[in-house]
Amino acid sequence: MTENLVDLIKQKFSSTIVEKSMKMKLYGFDETVIRLLIATPLLPELLLDKYGNYVVQSALAICPEPERDRMLQVLLGGYVNKFRYFFR
């Protein structure tokens, strides 16, 4: 499922659907997407994608602090403590 989600996030219209579904918290979809984003090694690539970055930003904005810290750890590595206050 991770590969399918990454493909959807990289496309213009489907990324909008994923982002809006996460924000609406439909059927726990937000939690599922956040877990898959944390698990995928392509998270840094999605942050640089022209459509994927919006989904990653939305996930960072809505996810609980433990998941946000894990996502930031994947994205920023050792710099997570320096940038943590940007996402509160």
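Ser21 is buried, with a relative accessible area of 15%. The residue belongs to helix α2. When residues up to four places away in sequence are not counted, Ser21 touches Leu26 and Phe29. These values, like those that follow, come from a predicted model.

Ser21 is one of several buried residues in α2; the full set is Ser14, Ser15, Val18, Glu19, Ser21 and Met22. Viewed down the axis of α2, these buried residues fall within an arc of 165°, so they line one face of the helix. On the other side of α2, the residues Phe13, Ile17, Lys20 and Met24 are exposed. Helix α2 is built from 13 residues, and the distance from its first C-alpha to its last is 19 Å. This span is close to the 18 Å expected at 1.5 Å a residue. Lys25 follows α2 and has a positive phi, near 55°.

The chain as a whole contains seven helices and zero strands. From the N terminus on, its elements run α-α-α-α-α-α-α. The protein chain has 88 residues, of which 38% count as buried. Its accessible surface comes to about 5,600 Å², and 59% of that surface belongs to carbon and sulfur atoms. Among contacts with a separation of 6 or more, 58% are between residues 24 or more positions apart.

Confidence varies along the model. The mean pLDDT of the protein chain is 85, and 85% of the residues reach 70 or more. Confidence is highest in helix α5 (residues 52-62), at a mean of 93. Helix α7 (residues 80-83) has the lowest confidence, at a mean of 58.

A search of the whole structure finds four salt bridges. One of them joins the side chains of Glu45 and Lys10, with an N to O distance of 2.3 Å. Glu45 lies in helix α4 (residues 43-48), whereas Lys10 lies in the loop between α1 (2-9) and α2 (12-24), so the pair ties together parts that are 35 residues apart in sequence. Glu45 counts as partly exposed, at 38% relative accessibility. Lys10 is also partly exposed, with a relative accessibility of 29%.

Another salt bridge is formed within helix α2, by the side chains of Glu19 and Lys23 (3.4 Å, N to O). The two residues Glu19 and Lys23 are four residues apart, about one turn of the helix. Glu19 has a relative accessibility of 16%; because buried means under 20%, Glu19 counts as buried. Lys23, at 49% relative accessibility, counts as partly exposed. The cut-off for an exposed residue is over 50%, so the value of 49% leaves Lys23 in the partly exposed class.

A salt bridge also links the side chains of Glu67 and Arg70, at 4.0 Å from N to O. Both residues are in helix α6 (residues 65-76), where Glu67 and Arg70 are three residues apart and thus separated by about one helical turn. Glu67 is partly exposed, with a relative accessible area of 22%. Arg70 is partly exposed as well, with a relative accessible area of 44%.

Helix α6 also holds Leu72. This leucine, Leu72, is buried, with a relative accessible area of 1%. Leu72 and Leu60 are twelve residues apart in sequence, and their C-alpha atoms are 8.4 Å apart in space.

Asp30 is found in helix α3 (residues 29-39). At 7% relative accessibility, Asp30 counts as buried. Leaving aside neighbours within four places in sequence, Asp30 is in contact with Met22, Lys25 and Ile62. Of these contact partners, Met22 is among the buried residues of α2, and Lys25 is the residue that follows α2.

Terms used: Residues numbered from 1 in each chain as written. Predicted model: local features only at pLDDT ≥ 70, side-chain atom pairs only at ≥ 80, totals over all residues. Heavy atoms only, no water. Buried < 20%, exposed > 50% of the residue type's maximum accessible area, 1.4 Å probe, protein only. Expected span 1.5 Å × (residues − 1). Arc of directions from axis to C-beta. pLDDT = per-residue confidence, 0-100. Contact = heavy atoms within 4.5 Å. Areas by Shrake-Rupley, 256 points an atom, 1.4 Å probe, with all protein chains shown as cover.
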